[in-house]
Amino acid sequence: MPDQNVRVYVPATLPLLATLREKGELGAPGDPVHAVTPHLREWYAEGDEEELEYVAFTRAAQSALVLLHRDPQAPRRRVVISADLPGGTLTRGDDQLGSSIMTLGGPLPLRAVAAIHVDSTDAVADVTAAVEAVPGALDGDEDAQFTVDGAEDHELEWYDATEVDRIS
């Protein structure tokens with residue numbers, strides 16, 4: 001698989017998207033991304049490829065909430081960047097059954113981006129609540145997890161990679 005491209009889903013924020021636009025690349029070696037990994041495939045054995053991709057995408061959107069929590073100045077809209085990278089530039093993130101985590105071997109180049117997914121402004125209130133609830137959800141608080149899950153009621157809008165300059 002080192003020579004084959006792998007679709008990865010990169011969690012991001014609007015400021016990180018601006019960095020990608022300005023520098024032509026984003027991230028660093030070791031940064032986590034999500035993909036259909038052997039561990040995810042084994043855990044979700046009944047799922048077809050489309051379902052597995054959706055799980056990895058959804059997990060990237062959840063990871064974007066954590067990034068938003070770390071950056072209080074970022075607009076409260078999740079961003080997921082879909083990209084195709086050579087398998088040899090990625091490493092497995094962990095060996096937990098069901099994991100979709102892989103890590104980048106270097107920065108994500110803009111030329112590898114296939115699509116960009118961003119919350120609409122209609123999602124801001126729910127995403128804001130989810131960002132505030134992230135620490136509790138990570139600590140196992142069921143009410144906080146319910147709030148975090150509320151952000152998933154919003155589908156992210158799809159943009160072609162060529163539209164990166166139009167996203168704000």
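User: If buried means under 20% relative accessible area, exposed over 50% and partly exposed in between (1.4 Å probe, protein chains only), which residues of α1 are buried?

Analyst: This is a predicted model, in which local features need pLDDT of at least 70 and side-chain atom pairs count only at pLDDT 80 or more, while totals for chains, interfaces and linings use all residues. Residues are numbered from 1 along each chain as its sequence is written, and side-chain values use heavy atoms, with hydrogens and water left out. In α1 (14-23), the buried residues are Leu14, Leu17, Ala18 and Leu20.

User: What arc do these buried residues of α1 cover around the axis?

Analyst: The four buried residues lie on the same side of α1, whereas Glu22 and Lys23, on the other side, are exposed. The reason is that the directions from the helix axis to the C-beta atoms cover an arc of only 155°.

User: Which strands do the buried residues of α1 pack against?

Analyst: Taking contact as heavy atoms within 4.5 Å, Leu17 touches Ile81, Ile116, Val164 and Ile167, residues up to four places away in sequence not being counted. For the buried residues of α1, the strands (DSSP runs of E, at least two residues, numbered from the N terminus) are β2 (25-26), β4, β7 (108-109) and β8.

User: Which strands stand at the edges of the sheet?

Analyst: Strands pair if DSSP finds at least two bridges between them, and seven of them form an open, antiparallel sheet in the order β5-β6-β3-β1-β4-β8-β9. Because each edge strand has a single partner, one side is left without a neighbour in the sheet, and this describes β5 (90-92) and β9 (157-160).
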